[in-house]
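Please open the model in a viewer and keep the sequence panel beside it. The tour below proceeds from one selection to the next.

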Amino acid sequence: MTMMTPPPLDQQEDEEMLVPHQEFTEGPQPMEVISAEPATAPENQQVEDPPTFKYRWTIENFSRMNTKKLYSDMFFVGGYKWRVLIFPKGNNVDHLSLYLDVADSTTLPYGWSRYAQFSLAVVNQIHGKYTIRKDTQHQFNGRESDWGFTSFMSLSELYDPSRGYLVNDTCVIEAEVGVRKVVDYWSYDSKKETGYVGLKNQGATCYMNSLLQTLYHIPYFRKAVYHMPTTENDMPSGSIPLALQSLFYKLQYSDNSVATKELTKSFGWDTYDSFMQHDVQELNRVLCEKLEDKMKGTVVEGTIQHLFEGHHMNYIECINVDYKSTRKESFYDLQLDVKGCRDVYASFDKYVEVERLEGDNKYQAENHGLQDAKKGVLFIDFPPVLQLQLKRFEYDFMRDTMVKINDRYEFPLQLDLDRDNGRYLSPDADRRVRNLYTLHSVLVHSGGVHGGHYYAFIRPTLSDQWFKFDDERVTKEDAKRALEEQYGGEEELPQTNPGFNNTPFKFTKYSNAYMLVYIRESDKEKIMCNVDEKDIAEHLRVRLKKEQEEKEHKKKEKAEAHLYTIIKVARNEDLAEQIGREIFFDLVDHDKVRSFRIQKQLPFNHFKEEVAKELGIPVQFQRFWLWAKRQNHTYRPNRPLLPQEEAQSVGQLREVSNKAHNAELKLFLEVELGPDLSPLSPPLKTKEDILLFFKLYDPEKEALRFAGRLFVKALGKPTEILPKLIEMAEFPANEEIELYEEIKFEPNVMCEHIDKRISFKSSQLEDGDIICYQKTLTSASRDQFRYPDVPSFLEYVRNRQVVHFRSLEKPKEDDFSLELSKLFTYDDVVERVACHLGLDDPTKIRLTSHNCYSQQPKPQPIKYRGVDHLSDMLAHYNQTSDILYYEILDIPLPELQGLKTLKVAFHHATKEEVAIHSIRLPKNSTVADVINDLKNKVELSRPDAELRLLEVFYHKIYKIFPLGEKIENINDQYWTLRAEEIPEEEKNLGPHDRLIHVYHFTRDPNQNQMQVQNFGEPFFLVIKEGEALADVKLRIQKKLQVPDEEFAKWKIAFISLGRPEYLQDSDVVSNRFQRRDIYGAWEQYLGLEHSDTAPKRAYTTNQNRHTFEKPVKIYN
């Protein structure tokens, strides 16, 4: 996977992000190890084939585990130690989280790394083909020592016993790991080795890179893009044509891999879109439509249609009367079935297969009524460039999810679509056109349905030499690699470790072709035309050459950086500009002062001349001070340069002053000014002279500013300089002032009062120290100010935090902002929020922290007084947020935390309605208490009606809650709690009556006939001893109030473990429900088969969280 780990932006089920799991603990479990070796290396490196191992980890008592995470036993692959890491209840998500971990990462030497391709699976122990398997690849290192899937599968699916992933409370995990030698990625030069360059990956844009390389290597397409009109005033980030021209130009002439950010910006994508894996087919269609639109009215109008557009004819022809209906349609690509087809020809055969319309499915022919007919598709013409999209992804109705088809599927180097005397062609097709195609490119998807990696094999000149374009890396490949190895299917690997198991191991190939591009032989010369500089607009050449020159200049600067020293010079003017505005502590931000780039071998005096020229300060009036980082993490001028130091070269001086070995030298330039503000020679400095810096604080304005600097005598006293300080502050001559020393601000502020009567030396003041001063306040006047003195003001500045509050109901919108202190307690924060909202009781405010990665509220709110300070509320791992979410509760939070809230769907006995009720009770309450509370809120069919509470999940009833069960452990997050009246017939069961489950189901005609899909509302039904199905059906029809005409279409089946056995009206239903050893009553039920026409009720959404891939959108 080529995804990067920055913001796991909302890791959703539809967009799987592969991330390191972010934390560690212990907890090994036994694991079986089966070894095998693959026939091919996972990447395109010419290295030895790596060993591949398969591991099986059986975890018992899975649902009863109360540990957050669990490690497997350690195992060896490729000479390395590995283990599997699992979060049984999810790593802060409602999905199982599963990772591969380097077991000995903490003891490995600095700089270690290893590369592995691996798959992780949760085994389906009932139907093996429904095992969920995901694969990826990763370069493991000290920073990312584990890698995998935070949202592997939903917990609701995992913990549903009928799904087969937990059997007898046992979960089986498999890991298949292939380790390969790491080839030095950074030293490889694609341009030098192949003549081509790659595209940089923005996070998850490998799918786009593979498509762009394919389109770029169709020269006719590239030439058309170059000829799209753009102007020198256009900006690539706002113009798709210019961004694509720029990208293609760089691919053609650059020596290094090319970035795609300008292009994605021109699409109107933000960073989030770049971290979402989309569909190559969809992007291809959307991009081509966009370009087609942009080409209208230009010299290249119609290029997209000319290259990619073909036509087919849909027809319906009656068999017994002379009637035929046809419709011509165009296509830019063809979707070919993979499942059930051995190769491209078999897919085309299936595409033109004739369907018979007869029986119930007769065709309504105009003027002829219902007729037997045949229906099909034939091709009128094929385009010069034929794009074939292989349907590697399908919807699995049984699992209610998309799955990837990894079946073997062959495709030829030459494709003859005139075969069998033109069997694919319509009668209108021009038979003079020879539809013989040669393969140009193979786009590959490596991975599973939830994510993976895309790359392309391309023949840029249609020669025998293939190239693999894998993001930034381009390599030469042989034809076998590009064709046969991308067919997919399984490979049988020879057993290399007979000590484990002598049976061969079949290794599924997760890398396989996903899109094919063929070019028609007769159009080859025109399509594969020459494209050179004359095809590129002059303004584009000038712009891009200028960009290239700037890039080269920066590159040269970087390469020559070791020959230069950057000298950063801070002056009084910088201090005056920054203190109180941008900074409050220390003296200056060195990144915002004047810098000089000076050759290291030049004498320092040469630099002084540069300063004189730039700043207008003659050399003789300059005195430079070195800065020093003190032990308390402050950074202050330390001492002036000595004459012998100034005689050295710049490079020597930097080495003396800077032990960190970076290329910077930081200096303070001391300039003495006379009364007329002209520079003077610096005063003589002895050991007795101390250079102090002064800041002035105004409590009324809550403002701090730089006041100036002074030399003082070590044995002198502050009282001696008070007149000067008063003058600098422009105070009246008789103003009383207080002095404080700013000592440090990390990790907390230290600012102490200075006794004006003792010497500077006794106060331990030295060169570079900072004294803050202010007017002396009376005790009465102190109360007027929030921060009456320097220490309280600096404490405030150090800890102030503007927090953006959002309503939890509208988590994307800032509601209001408050300036708070990081040291505020929980009570301080909620009081300020309540005050802002005009709420009398702050305990009715509930806060929730912000997840910096997903940009969403955290799943759990902050408990009442559950954190000490505001800083704890804003912390998220190693990041700090400035967002909090709030709710206004109807009862105080401490009281609410003692309660349990359940959402219960009440089904009325006689009306077609469902009402959702929130039941809030003390945590030690029972189900009986829930029912009693509910009775006061709902309308019953009769006053003495009894209620029961059920657990409904995926349209099956899993549990009737006992009245005495405590509600504290009942979960309504993944399944629905349903309350209903108990029918009278169930209360008076006879000795031989049975209470059975009745569920609605349907079957998809495209799926296995035995697979059923439940829907609708399940219910219980009493069946009598010896009662025939005909009688049971009457009772079901009456209960459900289904009209006769509709009910006649329903089929009734006895279903056990998902297998239907259809019943006849004469069958005795009770005979089918005799077994008592069935695992879970819900797995043996009476099934009502009919079409699902009912609208979905809103409340069921929490149990069917269907999420689909975001559509690709190009906004501009």
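Begin by selecting residues 1051–1056, strand β56, together with residues 1084–1089, strand β58: the two run antiparallel and are joined by six bridges. Helices (H or I, at least four residues) and strands (E, at least two) are DSSP runs, numbered from the N terminus. Within this pair, Ile1055 of β56 has Tyr1085 in β58 as its bridge partner. Strands of a sheet pair through backbone hydrogen bonds, either parallel or antiparallel.

The model is a predicted one, in which local features need pLDDT of at least 70 and side-chain atom pairs count only at pLDDT 80 or more, while totals for chains, interfaces and linings use all residues. Residues are numbered from 1 along each chain as its sequence is written, and side-chain values use heavy atoms, with hydrogens and water left out.

**The sheet around β56 and β58**

Extend the selection to the open sheet of five strands, whose order is β55-β54-β58-β56-β57 with mixed pairing; two strands pair if DSSP finds at least two bridges between them. At the edges stand β55 (1013–1023) and β57 (1059–1062), each with a single partner strand, so one side of each has no neighbour in the sheet. From one strand to the next, the twist averages 35 degrees. Now add residues 1029–1040, helix α27, which lies across β54 (994–1002), β55, β56 and β58. Helix α27 runs at about 115 degrees to β55; axes are lines fitted to C-alpha atoms, for helices over the stretch in contact, and angles run from 0 to 180 degrees between N-to-C directions. Contact means heavy atoms within 4.5 Å.

**A second five-stranded sheet**

Move next to the open sheet with the order β30-β29-β33-β31-β32, in which the pairing is mixed. Its edges are β30 (594–599) and β32 (635–640); each has a single partner strand, so one side of each is left without a neighbour in the sheet. Here the twist averages 40 degrees from one strand to the next. Select β31 (residues 623–629) and β33 (residues 664–670), which run antiparallel and are joined by four bridges. Arg623 stands opposite Glu670 in β33. Helix α16 (residues 604–615) lies across β29 (564–570), β30, β31 and β33, and runs at about 140 degrees to β30.

**Two helices that cross**

Select residues 240–253, helix α5, and residues 538–559, helix α14: their axes come within 11 Å and cross at roughly 60 degrees. How are α5 and α14 oriented to each other? They are oblique, the class left over once angles under 35 degrees count as roughly parallel, over 145 as roughly antiparallel and 65 to 115 as roughly perpendicular. Display the side chains of Leu242, Gln245, Ser246, Tyr249 and Lys250 in α5, which meet residues of α14 including His539, Arg543 and Glu547.

**A covered strand and a partly exposed residue**

Select strand β2 (residues 52–59), where six of the eight residues are buried (under 20% relative accessible area, with exposed over 50% and partly exposed in between; 1.4 Å probe, protein chains only). Eight bridges join β2 to the antiparallel strand β10 (residues 171–180), and Thr58 has Val172 in β10 as its bridge partner.

Finish at Val802 in strand β41 (residues 800–807). Val802 has 40% relative accessibility and therefore counts as partly exposed. Glu819 is 17 residues away from Val802 in sequence, with the C-alpha atoms 4.3 Å apart. Not counting residues up to four places away in sequence, Val802 touches Ser817, Leu818, Glu819 and Asp882.
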